[in-house]
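Trainee: I am new to this structure and would like a close look at a single part. Please take one helix and describe its surroundings.

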Amino acid sequence: MSTATRPRPFEGRGLSDVVSELAEEVRELYTADEVPWVVGYSGGKDSTAVLQLVWLALQGLPAEQRTKPVYVISTDTLVENPVVAAWVARSLDTMKKAADEQGLPIKPNRLTPKVEDTFWVNLIGRGYPAPRPKFRWCTERMKIKPSNRFIRQVVRRHGEAILVLGIRKAESQARARAMAKHEKRRVRDRLSPNGNLPNSLVYSPIEEWSNDEVWTFLMQQSNPWGYNNKDLLTMYQGASADSECPLVVDDTTPSCGDSRFGCWTCTLVDQDKSMTAMIDNDRETNAWMIPLLTLRNELDDTSKEKETRDFRRMNGRVQLFNDRIIQGPYTQKAREDWLRKLLRAQAHVRKHGPEEARDIELITMEELHEIRRIWVFKKHEVEDILPRIYEEETGEKFPGQDLEDQLVIRASEIDVLRKICGDDEIHFNMVRELLAVEREFRTKTRRKGLYEALEKVIEKGFYEDADDALAFARKKEEMRAATRDEKDGTSTEAASQPQALTLDEEINDASA
């Protein structure tokens, strides 16, 4: 049926008719070729509804026609709302058992970002500031890359893939416009091209459904892999400020569609409404999440950025925008403080949280090892303080190797260096890094590049403090503007205001 003549799903029809028609459509598409399917599953209402439709459709096929795999992928960013993360993990386990028992080619997969792409490795390890709309470094690394990597593997094995997604036009005007644009480029009925992944098509069976039609389906159609959709409704209710999830009867009635689950660390929104609502609606049960919400709000607080972030960029440059310094990465002290707060929050959750949270890892041991490596060998923070922080905050010995023999100077010598430098933190960091660079080149057969590396360290430690750096940067801008004026007569005032960095420039700078 073409999109031009397709009626609204529930217009004048009952739920059973809509589900039967869609199930038949799913079966026709599934049996039309040998292209494997990849179903996106987040554990939320839309992805649950889509997976149920696919599951029910496959149940209606004879065993000999269930010939190709249906991969279910769920991306865990490792900073998901703990309640939702636990829900999804249990659901995937239940799903796998049910699919095996029912003889269905449904294969659940939990995806996670590579350790170098995780939230805490980038924020605590590298010092990336908390994500902002103009520096949204998290989404690509933590959500898009893991799923795209899996899909590309499927495409490499099979040549093509069909992505089955729970996207709906009613989610937002932007989503509706994007879907309408892709509809015009459909190469097959109901299958839209995926602009980001070659050789993959997108199928969105519930694209025309409203929030309430999704809930109607979930409440009236039992979950085929044995999970309880009423528990899902309860979870959404708990994450809604009004503690209700009604079937709306007019445009003014709020719906559970306004409750969005996501990363508990997210600073791209003004506040974490779902976690706040969970705590407010049942403080006695959910008070264990308060430290998470507190930490998230501290990450979102920009009032202390001058104290917590370096006045230099990752590569040591000082850059101005509107005659002010553009703050760089978190300082060493700030990163150490974030780690302490995170480990304290983890200890609190393990002690006061529900049974399923007693072994929770807000930060994994693999991440801790990677952060330690970055601090010691990339940032030259040779004090190697992470094991001590871990032991002080958890009461347990850090399970990592002793790096004493790999350090440029020993801990006792660090204390001597600090006494020599006194309160001059910039001078201390410069000498420490100079020693680390020399140690790095000492082991190389050819020492080409040593002087350039040393020069960069000295340039980074050139300033007395942030005020000195600001004065120096202003002087450089005045000199550049004067030079430009001499060459082409451009306005000094306009030339002295550099443009803000683009996202790509920011990320490249941060990776330097």
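Mentor: The answer below takes up helix α4, and then two residues in other helices. The model is predicted, so local features need pLDDT of at least 70 and side-chain atom pairs count only at pLDDT 80 or more, while totals for chains, interfaces and linings use all residues. Residues are numbered from 1 along each chain as its sequence is written, and side-chain values use heavy atoms, with hydrogens and water left out.

Helix α4 spans residues 119–126; helices here are DSSP runs of H or I with at least four residues, numbered from the N terminus. Seven of the eight residues of α4 are buried, where buried means under 20% relative accessible area with a 1.4 Å probe, protein chains only. They are Phe-119, Trp-120, Val-121, Asn-122, Leu-123, Ile-124 and Gly-125. The cover over these residues includes α5 (137–158), α11 (290–300), α13 (332–352) and α14 (365–378). Just after α4, Gly-127 has a positive phi of about 95°.

Elsewhere, Ala-98 sits in helix α3, residues 82–102. With a relative accessible area of 6%, Ala-98 is buried. Leaving aside residues up to four places away in sequence, Ala-98 touches Trp-55 and Trp-225, contact being heavy atoms within 4.5 Å. Ala-98 and Trp-225 are 127 residues apart in sequence, yet their C-alpha atoms are 5.3 Å apart in space.

Trp-215 belongs to helix α7, residues 211–220. Trp-215 counts as buried because its relative accessibility is 3%. From Trp-215 to Asn-229 the separation is 14 residues in sequence and 9.3 Å in space, C-alpha to C-alpha.

Note on methods. Buried means under 20% relative accessible area, exposed over 50%, partly exposed in between (1.4 Å probe, protein chains only). Helices (H or I, at least four residues) and strands (E, at least two) are DSSP runs, numbered from the N terminus.
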